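This briefing covers the ligand site and the internal cavities of one model. The ligand contacts come before the cavities.

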Amino acid sequence: MRTVVVGGGVIGLATAWRAAREGVSVTVIDPAPGSKASHASAGLLPAINDQLYDQPELLRLCLASRELYPSFVEELEEFAPAGFRRDGVLDAAFDEESLPILDRQLAFQKSIGVRTERLTAEECAKLQPAFAPVVGGLLSPDDGAIDPRVLDAALITAIEALGGSVVRRGATRIEDHTVVLDTGDKVPFDRLVLAAGCWTHQIEGLPAGAIPEIRPVKGQILRLRSDVPLLNVTARAISKGKSLYLAPRLDGELVVGATYEERGYDETVTAEGTGSLLRRAAEVIPEVGALRFAEITAGLRPASPDDLPVMGPTTVPDVYLASGHFRMGVQLAPVTAVAMAAYLTDTVPHAATAPFTPLRFS
Ligand code: FAD
């Protein structure tokens, strides 16, 4: 079975790796693998976010992926380091009005069996001394983050080590069980996975309506640097009811994110985006101004018509879809990849993925 995966972001690469691991012959087609939303992403892996309170099916999907993460990383690290850290996520409130957010989160996490500790202001200051004074916090010790750039590189290494290939070209159309490349060359497939993020529906040659439109939601994100990490653990800083995430890497990088902007396919970075992230970071980390400026990046989150992920077979025989992971693609990569590999090997996919079939849009 020759399987072609169009799109080598975290979703396409993770799918290709899991399929290759199951003995499937895989080819990934992408002009620049790991260069789009996955490259911008902070890679935060918190147990929950505000989208999950009233979305039980999405919550089940996230929890399934969270459970899979450690073994997914362990198996991947047989090939290369994956940049995973699971040493806690701190949610810190910087004003009284943000405390009810923590109370709600604590009660919810406890109700779904996620280990969570309430921290006093002093305990937060001890854990994260670089923070401005906080009024209280929550520590989820079994959660963390992954560096998506390191993860994508490891996935490419693993795919190639298992005999798969990565073709650095763009796909333009699907024609008679072949993918037509921007060079005009054709790559034949028995099965095809479309995983080209918010560009997925632009690939031509499929019947109208077979692929839902995947909308881009722009996010600007900042990377700063110091020789020694300024923060000890991954954090979400909540002030005036709004959350800013802070992902410190062990090499001294600090990722600060992110904006949410509906601006079509615009990938420009702006002074306003940079300024607002820096201002908010400075409110919660007084010393942030002393860090070296490394990068401001814009990425396009792929959002489906109902803002939920889409994975599984389409109405077109042998054509599968894995996209629409919006703001949780890194978090949902393991469960998506395991489900897609099951489809590609005619086994039963993870039950949590059933509600996310592309057929819901047909
Ligand atoms: P992408 O990473 O966009 O990959 C799509 C790929 O398709 C690209 O490599 C592109 O080159 C390729 N492609 C496009 N057109 C073609 C074509 N015609 N032929 C071949 N290839 C093509 N998620 C989390 O879980 N945690 C976070 O903390 C987090 N933070 C984020 C912060 C920001 C600023 C942004 C933008 C996103 C964040 N996300 C986060 C969301 C996450 O990054 C996305 O959900 C995820 O990267 C989607 O992966 P993907 O592979 O579907 O898409």
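**Ligand site and cavities**

A polar side-chain atom of Ser 41 lies 3.3 Å from a nitrogen atom of the ligand, a polar contact being a pair of N or O atoms within 3.5 Å. This is a predicted model, in which local features need pLDDT of at least 70, side-chain atom pairs count only at pLDDT 80 or more, and totals for chains, interfaces and linings use all residues. Residues are numbered from 1 along each chain as its sequence is written, and side-chain values use heavy atoms, without hydrogens and water.

**Ligand**
- Backbone N or O atoms also approach oxygen atoms of the ligand, at 3.1 Å for Val 330 and 2.8 Å for Gln 331.
- Of the 1,000 Å² of accessible area that the ligand has on its own, the protein covers 95% (Shrake-Rupley method, 1.4 Å probe).
- The ligand is surrounded by 37 residues (a heavy atom within 4 Å).
- By class, this shell has 19 nonpolar, 14 polar and four charged residues.

**Cavities**
- Two cavities of 30 Å³ or more are found in the whole structure (1 Å grid over the protein atoms alone; points where a 1.4 Å probe fits but cannot get out; lining residues have an atom within 4 Å of a point).
- The largest has a volume of about 90 Å³ (the space filled by probe spheres set on the points), and its lining includes Arg 66, Asp 142 and Gln 331.
- The second largest cavity, about 40 Å³, has four nonpolar, four polar and no charged residues in its lining.

Key:
Polar contact = N/O pair within 3.5 Å; in protein donor to acceptor, adjacent residues only side chain to side chain. Nonpolar A, V, L, I, M, F, W, Y, C, P; charged D, E, K, R; others polar. 1 Å grid on protein atoms, 1.4 Å probe; cavity = no way out; pocket = protein on both sides within 12 Å on 5 of 7 lines; lining within 4 Å.
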